[in-house]
Each structure stands twice: as structure tokens, then as C-alpha cells.
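Trainee: I have a model open and would like to talk it through with you. Could we start with the cysteines and then wander from there?

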Amino acid sequence: MPALMATDFHGEVVWLGRVADRDAALAAEPLEAVELDWGGIEGEAHGGVTRASCSRVLDQHPRGTEIANVRQLSVLSHEELEAIAAEMGLAALDPGLLGASLVLRGLPDFTHLPPSSRLQAPDGATLVIDMENRPCQLPAREIEAVHPGFGRAFRRAAEGRRGVTAWVERPGALRLGDAMRLHVPDQRQWEHLEVARRG
């Protein structure tokens, strides 16, 4: 029996982008198409097969430890992005300001998709969802520069809507308008999850 189940849920690629120089700015430039290799999107500052560990994984690794890069792409939901903008009081929010790699439309409750789910493009290019991407203050600076007075509202508005991080399982191409099919792990949720969360 397959460990992953293909579903009838599809997400339409409505935005693609790349952060070319992370030291210069978080903002991503919009693109019509991208090539995915083993390290993520070609030319992406967050790419690479490995990365230095950061504050998100201090319980597992000392800061700066070389670890596998499961944060090659930042994937957002079009619907959740609209909800973030509305809560912030903006008519719209450019995904480039959040350093997005990919925005999909049509997948409900996107930020909470099961870890290890797959998103597969028509040519077979496949992304593995690592986990929820928690909001931080970095996008707030980019938002504030474009929408003065609104940056501070981002973190709270994005809670539970910030999308997911993902890594490339199979290289290939992504283009605007592509439909990515969702595949989910064929297993129930761990019954001790709530106890473990409480510590």
C-alpha cells in the first residue's frame, strides 16, 4: 500500500518568486517560471542542499550547525494572504514582501497541511512540505517600507496563515497556471501529540 495518497486537491500556481540576495533584502522578485534543482529554486538565496541551523531549531542543534535544508522554499496560500491583508487593513499584500517562493490558490487550510505532504507539478517536479512557517518580524520591515504604519500588524495577522516551508524531492519546472496536486501521508495523527506539546 502506498505511504502517500494522491488527493483530488490541487493548488494553482498564481505567483512565483526568488530572493536573489538575502543580505540586501528579504523581498522576492516575481517570475513567470522557475527551475527547481536539488537545492531549491536556481539562484534563490535560501537555496542549497544544506544550511546553517538557526533559532528555529535550537532545541536540536547549536546555532550555525550544518544541517539539511528543508526550508528551500517558502510556500503561501493565496486565500490566506488575502486574509492577512484584510486583517492588517490593506487591500492586498504583495507576496514578494514576505520573501515568498510560491503562492498557490485553492488548497484549504493550507498552513496546516500535514508535514511530509507532497505538492506535485504537471511535469513531476515535487515539493515536500516540511512544516508551518511561523511568522517573524523580517517581513514587517519590507511591508513597512512600502506601506508605512502597517508593518507592525503583520506578525499577529499572519499567525496560522504564514504558509509552509518546503524542499525539493524531484527537480523540474514550475510555471504560472500550473496545477500542483496534493499528496498526503496515509497515517493518522500521533495520539500523544497534545501531551507532547504541553511538555
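Trainee: How far is the sulfur of Cys136 from the closest cysteine sulfur?
Mentor: The closest one belongs to Cys54 and lies 9.8 Å away, which is too far for a bond. A disulfide here is a pair of cysteine sulfur atoms within 2.5 Å, and a search of the whole structure finds zero of them.

Trainee: Before we go on, what sort of model is this?
Mentor: It is a predicted model, in which local features need pLDDT of at least 70 and side-chain atom pairs count only at pLDDT 80 or more, whereas totals for chains, interfaces and linings use all residues. Residues are numbered from 1 along each chain as its sequence is written, and side-chain values use heavy atoms, with hydrogens and water left out.

Trainee: Back to Cys136, then: buried or exposed?
Mentor: Cys136 is partly exposed, because its relative accessible area is 21%, and the class runs between buried, under 20%, and exposed, over 50%, with a 1.4 Å probe and protein chains only. Cys54, by contrast, has a relative accessible area of 15% and is therefore buried.

Trainee: And Ser53, where does that one lie?
Mentor: Ser53 lies in the loop between β5 (50–52) and β6 (66–68), where strands are DSSP runs of E with at least two residues, helices are runs of H or I with at least four, and both are numbered from the N terminus. Ser53 is buried, because its relative accessible area is 4%.

Trainee: What does its side chain reach?
Mentor: The side chain of Ser53 reaches the backbone oxygen of Pro62 at 2.7 Å. Leaving out residues up to four places away in sequence, Ser53 touches His61, Pro62, Arg63, Gly64, Thr65 and Ile67, a contact being heavy atoms within 4.5 Å.

Trainee: Switching topic, what is the strand order in the open sheet of three strands?
Mentor: The order is β4-β3-β12, with antiparallel pairing, and two strands count as paired if DSSP finds at least two bridges between them. The edge strands are β4 (40–41) and β12 (172–175), each of which pairs on one side only.

Trainee: How many bridges join β3 to β12?
Mentor: Four bridges join these antiparallel strands, and in that pairing Leu36 stands opposite Gly172 of β12. With β4, strand β3 (residues 33–37) pairs over two bridges, Asp37 stands opposite Gly40, and a hairpin joins β3 to β4 through two residues.

Trainee: Which residues are on the covered face of β3?
Mentor: Val34 and Leu36 make up the covered face, while Ala33, Glu35 and Asp37 are on the uncovered one. In a regular strand the side chains alternate between the two faces of the sheet.

Trainee: Zooming out, how does the radius of gyration of the protein stand against a compact globule?
Mentor: The protein has 17 Å, which agrees with the value near 16 Å for a compact globule of 199 residues; the radius is taken over C-alpha atoms, and the rule is 2.2 Å times the number of residues to the power 0.38. The secondary structure comes to four helices and 13 strands, and buried residues make up 44% of the 199 residues.

Technical notes:
Polar contact = N/O pair within 3.5 Å; in protein donor to acceptor, adjacent residues only side chain to side chain.
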